[in-house]
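Hi,

Here is the structure I promised to pass on. Have a look at it first, and then read my notes below.

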Amino acid sequence: MSDDAPAPAGPGTAEGPGPRVPGTPTRSPAEPPLDLHADFGQLAARLRAAVDRGHWLDAYLLCAGAGQLAEDRLQGVDRSPRRLADRLTQQAGHPLARTAGEFARDGLDLAGAATGRTPARRAALARCTALGTLAEALAERVLDGRGPDGSAVAPSPEAAALTELLHRATAGRPPAGLLRPPGCFAGFDLHPDDLVALAELFAADHPARERPLLVLGVRTAGSYLAPLVAVTLRRLGYRAVHCATTRPGLPTLPGRAAELRRLRAAGGTLLLVADPPLTGGSLAAVAARAERAGFDRASVVPLFACFTDTAEVPPALARYPCRVLPGTAWRARALLRPPALARTVARLLAPGRLLHLAAPADPGPPCRAHHLAVPLTAEVAEPDGRTRTLPLRAEWVGVGYLGAHTAEVAARLPDLVPRVHGFADGVLLRERLPGEEHPAEPVTVWQIARYTAVRQDRLAVPLDRSPALAGRRPVWEVAAELLAPALGRLDPALRPTLLHPLARAVLTTRQPCVVDGRTRPEQWAAAAAGSWRKTDFAEGAFSLRDLAGYDAAFDLAGAADDLAVTAEPNGTVAELAGRSATAERAAELRTAFARLTGERIPDARWCLLRLVHVWDAERLAAAGLGPPVAAAVARRAKARIVQRFLAGVYLADLDGPGAPPPGPWCVLTVDGVLESEALGFPAAAPQGMLALRALRAHGCRVLLATGRPLPELRDRCAAYRLPGGVAEYGARCLDAAHGLVEERLPPGWRAAEAGTLRARLAELPGVRVDPAGRWCVRASVGDGARRTRLPAAAVDRLLADRAVDRWYTVVQGASETDFLPRGTDPSGGVRTLLRLLSSAEDSGRGGEGRGRGGEGRGRGTGVADDGAAGPPALAVGAGRADLALLRWARLGLAPGNGAPELRSGGVPVLRRRHQAGLAEAVGRLIGHRPGGCPQCKPLFQPPETEALLAVLAVPGADPLTALAQLTRATARAVRHPSPRSSR
């Protein structure tokens, strides 16, 4: 049976997962951990087991991780007050809020110092000191008791001394918190030998061995890097070397101010050690604080590795005497070159004997975005005398247990990932698949769903640990961050109290597992017999890019959103990929996953997970770590996700048998009426969607009118299942049911005019032009929630050009400036569209059908319809360009946020604003408030859906009422998370 065809899932079959695993089996501390987010107790148990077995590198890594947890807890890094103060300082838009955040941080630091003499504080300091001493002792063992030049040095601590240190470091009440795997030895390609090389670089320029040194590691990575540097410097003859760690924005040495003063008084040098910097901001912040503490700038020496083959220093660190290890000198590159690879392959391919190995001479430079890897071809002599050729791939995956974790995951997924031959000293050796060199067709939806379902079973863990990772951007925290703009200025206070519990409740999973985290289609490769293997299967769950989570639906959502954020060269999204194919792919993934597991992923959970993936794609693209994603593309993708969610809640039951016959036409504008951009992207609110439901439930045929480009109009018509609309202020008319588009431009209009204006706008600093518009040119300043329209002075300068003023009319929106072809307006576009729809309707049903269709118009609405070519029964708009449309309609209304020109033009302006105003307008047409009768009453929704709807309802609603509803909805979602369906 082909893997592409659904088949009944049975135990042990390749077509589906085996029996549901209730939890992971009991694991001894000596076994490789499946969940790398360990607490202090687990780290201590694994540390003792590693010391007993003489696994010094694992013991060192575990001890450094325990030290990181202890020091973070000591300084309150993971506590809510510290996180709130940091958010105010870093993200607040108002200077007063940033100042308040800075004062709060300083106050927390003073409070921590004031409690330094309490018994609990002294115990915490003693634990940190013991862990630091133990880490240095284990670093001695890692370096094998030999000096960098091979000479003998003082022996490492004996077993009895290590046991005493281990007892002091792990005794007592463990600190709270979870380990965050370090970037240096897991996410990046660093090796302990690289820290030896960095110490040697410093020693070569500083021959005076009497000068005292303080090696200060910048956490998180600093906990793992600093002890290795300190031990190496002692071996190089420095007589007074001390070691500590810190975090940017915190006191340099918690509880050790006297030690810092003595170092400064003795003319000592401060060595700062951290991960390869991107901007150097963290190192620069610590260095600046050291200068404020009295250190001379020349005495502050940053030590770090860089990815480039030249020793590049970020501008933020240019003022300091940095010592940099270039990419050419990284140990990983040497271990992936043929001489070292031959030894590794010969060791891992036993019992076969390696005859010949073909491999590239050099793996290339290290990279922030991915690990080093090289293709290999090995000729192996088997014990039976046969010779075989093996296509292989050697990948760097991290050192110690952090790298062995990849082999552990592969062992549990033998039929889903490439075969792993072994792991040694950071290098994983696995089979190389034919599809990696010659990609075939994209991986199928069924294969992705099967991989996700099987992984959920075989990599099940007893507990979802992500709630304990607050402050480190787990999935639920990013979801809350995406919803936070809805709260406006109350966000800093209400996010931790309302949105965080809400996001955790919505994203609850009853079957936690170690997720993949990276499920874009290009990360699969074709294997034999039409099957597929996942090539990057272990790193995403514990990546230095954050986004921790334990929900298999997160992997499924990542595969669904690949096409939604794939940009075309001109910055737009391919219509097929961006609209229908993405929606169908998402639906098929959920259906296949439900067939395999019996679990239906709730709509609210699916919506938030997909939003998080688009946010992540944007973030990685901005950092140069992923495919480019234009801002307009990401905004459209987020809008489409919310549209699909709201359509599923409010409109899913309206089509099919029992639907009312076609009634009168109604026209709704999008911006300021049906949607707003309170979230930083266009999104409707529950009140507006309830109004749309009421119109459709009572038989009204709804058209949209918008200044947005045609692709965005297509998205809304597809999501809300509407017959059509007009885009670009009536310049383009869409018959969505038949896929027909009619252009409507003023006489004499030339296509070159739009291109000329776009080019002129692109020359203005900070101005972004929407690339998807064809005739209407939409420009803005900034991005996301901070998008604003062009300054009036800039618009005036453009209109001073007679060529621009002759062809364009300017419409200033809330967050953009539109230049629309002079003579176009939504009213003319709607007239043209109604004729287009009438012609298509007549050609599809003939004359007899017209009579039957006309008999039922207006049924249940209390309004009559005089024919398709007549004015619409209702039109609701808010912009100046909507005036003619509203005056033409039988009932033309504007919400309370309507432009002043509407009121002066005789259009009734309602009291309520935005979507609430739309609901009021619809109520006037149908005779009751939307949702107020059995015909348009919304369906019952589970608590997590109600909670997400309550967030979306906050913008534009009465603040006190909206927040009260949000509080109640959050409480219900927390108390009653939706149960997962069983098989």
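**Cysteines, and what else turned up**

There are 0 disulfides in this structure. One cysteine worth a look in that light is C933, which takes part in no disulfide: its nearest cysteine sulfur belongs to C936 and sits 3.6 Å away. A disulfide is counted when the two sulfur atoms are within 2.5 Å, so the 3.6 Å between C933 and C936 does not qualify. C933 is buried, at 15% relative accessible area. C717 is buried too, with a relative accessible area of 4%.

**How far to trust it**

Keep in mind that this is a predicted model. The mean pLDDT of the protein is 84, and 84% of the residues reach 70 or more. Residues 1-26 have a pLDDT below 50, and the model gives this stretch 59 contacts beyond near neighbours in sequence. Residues 562-580 also stay under 50, and there the model has 49 contacts beyond four places in sequence. I'd read both stretches with care.

**The overall picture**

The protein has 983 residues, and 56% of them count as buried. Its secondary structure comes to 33 helices and 25 strands. Among contacts with a separation of 6 or more, 70% are between residues 24 or more positions apart. As for the outside, the accessible surface is about 39100 Å², with 55% of that belonging to carbon and sulfur atoms.

**An enclosed helix**

Which helix should you click on to see one that is largely enclosed by the rest of the structure? Try α19, residues 552-560: 9 of its 9 residues are buried, so the helix is largely enclosed. Its buried residues include F554, D555 and L556, along with several alanines such as A552 and A553. The N-terminal end of α19 is capped by D551, which places a side-chain oxygen 3.0 Å from the backbone nitrogen of A553.

**Salt bridges**

How many salt bridges are there? The count is 51. Here are a few to look up.

- D362 and R337 pair up through their side chains, with 2.7 Å from N to O. D362 is in the loop between β6 (353-358) and β7 (373-381), while R337 is in the loop between α12 (331-335) and α13 (338-348), so this salt bridge ties together parts that are 25 residues apart in sequence. D362 is partly exposed at 31% relative accessible area, and R337 is partly exposed at 24%.
- R388 and E382 form a salt bridge with an N to O distance of 1.9 Å. R388 is partly exposed, with a relative accessible area of 33%, whereas E382 is buried at 18%.
- E677 and R635 form a salt bridge as well, at 2.8 Å from N to O. This pair links distant parts of the chain, 42 residues apart: E677 is in the loop between β14 (675-676) and β15 (683-684), and R635 is in helix α22 (residues 631-650). R635 is buried, at 11% relative accessibility.

The E677 and R635 pair belongs to something bigger. Salt bridges with shared partners join R635, D671, E675, E677, R708, E712, R716, R778 and D818 into one network. From that network, I'd pick out R708, which lies in the loop between β16 (701-705) and α24 (710-720). R708 is buried, with a relative accessible area of 2%. Leaving out residues up to four places away in sequence, R708 touches R635, V670, D671, E677, P682, R716, A727, E728 and R778.

**Backbone oddities**

Most peptide bonds are trans, and most residues other than glycine have a negative phi. Here are three spots that go the other way.

- The peptide bond from R219 to T220 is cis, with omega near 15°. T220 sits in the loop between β1 (213-218) and α9 (222-235).
- R473 is not a glycine, yet has a positive phi of about 55°. You'll find R473 in the loop between α16 (445-458) and α17 (475-483), where this arginine is partly exposed with a relative accessible area of 28%.
- R721 has a positive phi too, near 55°. R721 is in the loop between α24 and β17 (724-727) and is partly exposed, with a relative accessible area of 36%.

Cheers

Terms used: Residues are numbered from 1 along each chain as its sequence is written. This is a predicted model: local features need pLDDT of at least 70, side-chain atom pairs count only at pLDDT 80 or more; totals for chains, interfaces and linings use all residues. Side-chain values use heavy atoms; hydrogens and water are left out. pLDDT is the predictor's confidence in each residue, from 0 to 100. Contact means heavy atoms within 4.5 Å. Buried means under 20% relative accessible area, exposed over 50%, partly exposed in between (1.4 Å probe, protein chains only). Helices (H or I, at least four residues) and strands (E, at least two) are DSSP runs, numbered from the N terminus. Accessible areas come from the Shrake-Rupley method with a 1.4 Å probe; for residues, only the protein chains shown count as cover. A polar contact is a pair of N or O atoms within 3.5 Å; within protein, one must be able to donate a hydrogen and the other to accept it, and residues adjacent in sequence count only if both atoms are side-chain atoms. A salt bridge is a side-chain nitrogen of Lys or Arg within 4 Å of a carboxyl oxygen of Asp or Glu.
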